[in-house]
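Work through the following exercises with the sequence and the 3D structure open beside you. Try each task before reading its solution.

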Amino acid sequence: MKVIKIASQLQKIAFKHLKNGDNIGLVPTMGALHQGHESLILKSKKNDDVTIVSIFVNPVQFGPNEDYLKYPRPIKKDLELCKKNHVDYVFMPTVNEMFPNNYKTFIEVTVLQDIMCGKFRPTHFRGVATVVAKLLNISCACNAYFGIKDFQQLKIIEKMVKDLNFKTKIVPCPIVREKIGLAVSSRNLYLSAQEKETGSKIYKILKEVSIDFKNKSPHILKQSTISKLNKISNIKIDYVDIVNFNDLSSVNKSTKKVVLAVAVWIGKTRLIDNIILAR
Ligand code: AMP
């Protein structure tokens, strides 16, 4: 396993692999790797000849009062997890390597970036789209793996790739959960045992509400989710939304496939989760 910190070096290696006919897979992450990331890595190991994991806590996607500085960076453990899973290259650039002082170019996926999480984190998806575009170009990825847990992010990246004619195929991967139902997340490291227990109720509620998907309107399902979440002390809702699976647009009773998505605060930690519902 090679650890690379310079973009041009990785790109040179990637060109060589492409010349040899190798299929390159990219797993973009911010580190603090867990079973969720591992599932993406395993998928790439299965599909691709070469697997690249990028570890970069991207300052451009954090708002001014967010957790950029305190975001966990357990580099040694992360490299061990990559090695254990036979990752070929770990790309770990510095902030200056990705966004030097004279950096000027940003990507915006309009409309999609302004709803759901975008309402609460107005510059977040511009930062995500920009860094992912750079990572796709640096890695020359044939496949790039993204978790359905960050559903809005997945849809924004899919749209960017389509609109800008990237040749990379975006591969969505299912949500990995802890036994208690809580979606695995690097930010779960911030939670106390009691907060984790509270967090486990989010998915229970999503499942409970889903039972009525076929016979209740999206509006009623949304209200029911809100009222169930509001009954849990120590949870503060940012949003609950039901959107079209294909493009995050609004839904009605006959929409075939939807996503019920939530963002909540438990103490000082913001968690997101979702469930896909289909008729
Ligand atoms: P992050 O390091 O949080 O930026 O996540 C990197 C990638 O891992 C993203 O595509 C996430 O959607 C994905 N991911 C994070 N948590 C999970 C999970 N519990 N299950 C599946 N994928 C996940």
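The exercises below treat first the ligand and then the two sheets.

The model is predicted, so local features need pLDDT of at least 70 and side-chain atom pairs count only at pLDDT 80 or more, while totals for chains, interfaces and linings use all residues. Residues are numbered from 1 along each chain as its sequence is written, and side-chain values use heavy atoms, with hydrogens and water left out.

**Exercise 1. Find the residues that come nearest to the ligand, and describe the polar contacts of His37, Val176 and Val184 with it.**

Begin with the shell, where a residue counts as near if one of its heavy atoms lies within 4 Å of the molecule. There are 16 residues around the ligand, and those that come nearest are His37, Gly147, Asp150, Val176 and Val184.

Next, look for polar contacts, which with a ligand are pairs of N or O atoms within 3.5 Å. His37 uses a polar side-chain atom, which lies 2.9 Å from an oxygen atom of the ligand. Val176 places a polar backbone atom 2.9 Å from a nitrogen atom of the ligand, and for Val184 a backbone N or O atom lies 2.8 Å from a nitrogen atom of the ligand.

Then consider the cover: on its own the ligand has 490 Å² of accessible area (Shrake-Rupley method, 1.4 Å probe), and the protein covers 93% of it.

Finally, ask which elements (DSSP runs numbered from the N terminus, helices being H or I with at least four residues and strands E with at least two) give two or more residues to the shell: they are strand 2 (24-29), helix 2 (35-47) and strand 5 (143-147). Helix 2 gives the most, with 3 residues.

**Exercise 2. Describe the open sheet of 3 strands and the helix that lies across strand 7 and strand 8.**

Two strands pair if DSSP finds at least two bridges between them. The order in this sheet is 7-8-9, with antiparallel pairing. Strand 7 (235-244) and strand 9 (269-278) are the edge strands, since each pairs on one side only.

Now examine one pair: strand 7 and strand 8 (residues 257-266) are joined by 9 bridges, and Asp241 stands opposite Ala261 in strand 8.

Last, helix 9 (residues 218-230) lies across strand 7 and strand 8, and runs at about 165° to strand 7. Such angles run from 0 to 180 degrees between N-to-C directions, with axes fitted to C-alpha atoms.

**Exercise 3. Describe the open sheet of 6 strands and the pair formed by strand 3 and strand 4.**

Start with the order, which is 1-4-3-2-5-6 with parallel pairing. The edge strands here are strand 1 (2-4) and strand 6 (169-173).

Within the sheet, 3 bridges join strand 3 (residues 50-55) to strand 4 (residues 89-91), and Val53 stands opposite Val90 in strand 4.

To finish, add helix 6 (residues 124-139), which lies across strand 2, strand 3, strand 4 and strand 5, where contact means heavy atoms within 4.5 Å.

Terms used:
A polar contact is a pair of N or O atoms within 3.5 Å; within protein, one must be able to donate a hydrogen and the other to accept it, and residues adjacent in sequence count only if both atoms are side-chain atoms.
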